[in-house]
Structure formats: C-alpha cells, structure tokens
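Me: Please take a close look at a single part of this model. Keep it brisk, and walk me through how that part connects to what surrounds it.

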Amino acid sequence: MTQPAQPTQEQIEQAQSQWVREQFQKANRFMAEKGIIPHKVHDKESRYLVPFIALWKMETKQPTKKTYWVLSGDLPSDVVEVSVAKTAREAVRHFSMTWHMKAENLIRTGVTRDQTQAKYANLLISRAEDLYKMQADDKLWQEEA
C-alpha cells in the first residue's frame, strides 16, 4: 500500500492562489448583487486566511465613490462601508458583532421556528464566534500593529 504523495510547496501555493481568486470573484458577485460596482482593490489592506476568510478593501466609482470592506469565504458574504472600521482587524470585529446581533434578532422575533432561518441563525452565531477569535489573535494581525 502506497502513501498518497504530499503536495509540494508550489502546489500548496497554487491552491491558495486559486482560493483567493475564487473569493475575489465571490466578493465581486456579492457586491454586484447589491448594486455596487467594484473599481479598485486595496491589496495591502486586504487580508486572507485561506481557506476560511478573505477580507477585501474595495473602492467603487458607481453608484458613488466609496470604499468598503467585503467579506467572503467559508461564511456568509457581507459588506460594510470602510467608515465603520479603519483596519481589517476592526472590520472583522465589526462583522462578528453585527452577526451576533442579527442572529439574536432572528431568534428574538421567532422567525427561527422556520428550520431554514434557525440554520441561518446558528451559522451566523458560529461564524461570528470564529471571527471574534480571529480578530482577538494578535499573531494574525502583527502587520497592523
């Protein structure tokens, strides 16, 4: 019985690059669905934790010139204006708190009696907790310090 070959560093990097491209496309689609047309990505301020989250700082020209934090990955996509968070770390904290509040509102209003809404509320809570742990981990944010 032979062992499966371990991926090379080049294969790992290719897979990571592919994942980042897919998340970029996902973020662009999400923004387009909201009527926001991305124009420019601020690469140096965007962050990726493959294969969990990609946080993009994107600038738009249409419908108006604005800058947004756009979240994609193994979680619901979301977008917020950059004015609510100066750094990627603050944006992750903002999404975490917002998702906790959304889930709490879903539960409080009783819509979670619907199985689909209950699953969505649980997903928001789970991912909000994951995001909170990520933003609290100083090792992930050394460049921003």
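Reply: β4 and β5 make a hairpin, with 4 residues between the two strands. This is a predicted model. Strand β4 covers residues 66-73, and β5 covers residues 78-81. The two run antiparallel and are joined by 4 bridges. Within this pairing, Y68 faces E81 of β5.

Now the other partner of β4. Strand β3 spans residues 53-62 and pairs with β4 in the antiparallel sense, over 8 bridges. A hairpin links these strands too, with 3 residues making the connection from β3 to β4. Here M58 sits opposite Y68 of β4. Y68 therefore has M58 opposite it in one pairing and E81 of β5 opposite it in the other.

How enclosed is β4? Of its 8 residues, 7 are buried, so the strand is largely enclosed by the rest of the structure.

One loop residue also reaches this region. H42 lies in the loop between β1 (37-41) and β2 (47-49). Its relative accessible area is 18%. The cut-off for buried is under 20%, so H42 counts as buried. Leaving aside residues up to four places away in sequence, H42 touches K57, E59 and T67. The side chains of H42 and E59 also share a polar contact of 3.1 Å.

To recap, β4 pairs with β3 over 8 bridges and with β5 over 4 bridges. Hairpins make both links, through 3 residues from β3 and with 4 residues before β5.

Key
Residues numbered from 1 in each chain as written. Predicted model: local features only at pLDDT ≥ 70, side-chain atom pairs only at ≥ 80, totals over all residues. Heavy atoms only, no water. Buried < 20%, exposed > 50% of the residue type's maximum accessible area, 1.4 Å probe, protein only. Pairing = 2+ DSSP bridges. Polar contact = N/O pair within 3.5 Å; in protein donor to acceptor, adjacent residues only side chain to side chain. Contact = heavy atoms within 4.5 Å.
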